[in-house]
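This report looks at a ligand site and at charged side-chain pairs. Please view the structure first.

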Amino acid sequence: MSLAEQFATVNDQVRLACERAGRDPQQVAVLPVSKTFGHEVVRQAMALGQRRFAENRVQEMKEKALVLNDSSIDWVIIGYLQTNKVKEVVRYAAELQSLDRLDLAQALDKRLQQAGRSLDVLVQVKSSQEENKTGMAPELVPQFLKALHDYDTLNVKGFMTVAENTSDPKRVRRCFERVRLLRDQCQNELGDALPVLSMGMSSDFALAIQEGSTQLRIGSALFGQRPRAG
Ligand SMILES: *Cc1c(COP(=O)(O)O)cnc(C)c1O
């Protein structure tokens, strides 16, 4: 299938899943995950009208950003961010979906102030018990959001999560539900507006739509199998 056909297929599947869930497809965006794919693939996707691309490694985002050199692209970081990479994020990224600790928020704020800009962020929530999953424990999130009120440079838009890696749809769905309920709780208790739920990938986006996802991070279903581990 061509890239255009892959995008059309995913959009059809998203529309169908929205219909089944009784949701408006306009409320559910697809965020293409271009990690491991070269800048020429990104360029092809741009020709299809895409302007936002997600990467999990800062170095890879930077390389593509320098080659493509197009200010209309919004780069989104979705992978674990080391504090020593903050400078590049401030330089090249429009959004960070993997904010998971206070010292990272502090480092970002300092650099953002120096650069005179702000950054859209999502707090990454750990929604399963898996050892290898990153993200903040749900019970720590309300306090964390309160602490983030002190950082004017960080526009907190909502939450991101990666569901448990299992073939049991009930368990996957529970991960997404947990994050949606946490979002509702935080909105009610703190009065924060948290409209964005970045939940769902190629294998589980229909379940994420059922649980209120507003943004699907989709890699392999759009671009094909990755040449190497992402
Ligand atoms: C790679 C990645 C995705 C996309 O995964 P696919 O299964 O290829 O759709 C989504 N979210 C995160 C955090 C990722 O690292």
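## Polar contacts of the ligand

The model is predicted. Start with Arg226. A polar atom in the side chain of Arg226 lies 2.7 Å from an oxygen atom of the ligand. The protein covers 89% of the ligand's accessible area, which is 390 Å² for the ligand on its own.

Two further side chains make polar contacts. Lys35 places a side-chain N or O atom 2.7 Å from an oxygen atom of the ligand. Arg217 has a side-chain N or O atom 2.9 Å from a nitrogen atom of the ligand.

## The shell and the pocket

Where does the ligand sit? The ligand occupies the largest pocket. The residues around the ligand include Val33, Lys35, Ile78 and Val162. Met201 and Ser202 are also among them. The run Arg217, Ile218, Gly219 and Ser220 belongs to the shell as well, and so does Arg226.

How does the shell divide by class? Five of its residues are nonpolar, three are polar and three are charged. Lys35, Arg217 and Arg226 all belong to this shell.

## A salt-bridge network

Across the whole structure, a search finds 13 salt bridges. Some of them join up. Glu55, Arg57, Glu60 and Lys64 are linked in a network of salt bridges.

Take the pair Lys64 and Glu55. Their closest N and O atoms are 2.7 Å apart, in a salt bridge. Are these two residues buried or exposed? Both Lys64 and Glu55 are buried.

Next comes the pair Glu60 and Arg57. Their side chains form a salt bridge, with 3.3 Å from N to O. Glu60 has a relative accessible area of 6%, so Glu60 counts as buried. Arg57 has a relative accessible area of 41%, so Arg57 counts as partly exposed. The pair thus joins a buried Glu60 to a partly exposed Arg57.

## A pair of sequence neighbours

Arg183 and Asp184 form another salt bridge. The closest N and O atoms of this pair are 3.0 Å apart.

Why is Arg183 classed as buried? Its relative accessible area is 12%, and buried means under 20%. Asp184 has a relative accessible area of 27%, so Asp184 is partly exposed. Here the arginine, Arg183, is the buried partner, and the acid, Asp184, is the partly exposed one.

Terms used: Residues numbered from 1 in each chain as written. Predicted model: local features only at pLDDT ≥ 70, side-chain atom pairs only at ≥ 80, totals over all residues. Heavy atoms only, no water. Near = heavy atom within 4 Å. Polar contact = N/O pair within 3.5 Å; in protein donor to acceptor, adjacent residues only side chain to side chain. Areas by Shrake-Rupley, 256 points an atom, 1.4 Å probe, with all protein chains shown as cover. 1 Å grid on protein atoms, 1.4 Å probe; cavity = no way out; pocket = protein on both sides within 12 Å on 5 of 7 lines; lining within 4 Å. Sits in = over half its atoms within 2 Å of the grid points. Nonpolar A, V, L, I, M, F, W, Y, C, P; charged D, E, K, R; others polar. Salt bridge = Lys/Arg side-chain N within 4 Å of Asp/Glu carboxyl O. Buried < 20%, exposed > 50% of the residue type's maximum accessible area, 1.4 Å probe, protein only.
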